[in-house]
Amino acid sequence: MSKWLDVKTKALKERLGDPAQLPTVTDTIAKTDKRLMERMQSFTAEIRQNSRARLEPLLEQK
């Protein structure tokens, strides 16, 4: 990575920490999936709430 980023190895190790302590790719993917699902559920709940708020006056008129 140091060659790709044009950063010295020592500086990269200081920035990222010990490579043995970094999470695995599988763990990172699982964490990202979990966060994505939480965001999607939040957006879905917000859309439903907005839809109900917009529909309520129409139902009263009906």
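**Reading a helical model, feature by feature**

Q: Where in helix 3 does a kink lie, and how big is the angle?

A: Happy to start there. A bend at a residue is the angle between axes fitted to the seven residues ending there and the seven starting there. In helix 3 a kink of about 30 degrees lies at Leu55, shortly before the proline Pro57. Helices here are DSSP runs (H or I, at least four residues), numbered from the N terminus.

Q: What should I know about the model itself?

A: This is a predicted model, where local features need pLDDT of at least 70, side-chain atom pairs count only at pLDDT 80 or more, and totals for chains, interfaces and linings use all residues. Residues are numbered from 1 along each chain as its sequence is written, and side-chain values use heavy atoms, with hydrogens and water left out.

Q: Which element has the lowest mean pLDDT, and which the highest?

A: pLDDT is the predictor's confidence in each residue, from 0 to 100. Helix 1 (residues 2–5) has the lowest mean among the elements, 82, and helix 3 (residues 25–61) the highest, 95. For the protein the mean is 91, with 100% of residues at 70 or more.

Q: How many Å should helix 3 span?

A: The expected span is 1.5 Å times one less than the number of residues. For the 37 residues of helix 3 that gives 54 Å, and the end C-alpha atoms are 55 Å apart, which agrees. Within helix 3 sits Arg35, whose C-alpha atom is 36 Å from that of Leu58, 23 residues apart along the chain.

Q: Is Asp6 buried or exposed?

A: Buried means under 20% relative accessible area, exposed over 50%, and partly exposed in between (1.4 Å probe, protein chains only). Asp6 is exposed because its relative accessible area is 72%. This residue is found in the loop between helix 1 and helix 2, and its phi is near 55 degrees, a positive value in a residue other than glycine.

Q: What about Ala11 and Leu16?

A: Ala11, in helix 2, is partly exposed, with a relative accessible area of 36%. Leu16 also lies in helix 2 (residues 9–16) and is partly exposed, at 40%. The C-alpha atoms of Ala11 and Leu55 are separated by 57 Å.

Methods: Helices (H or I, at least four residues) and strands (E, at least two) are DSSP runs, numbered from the N terminus.
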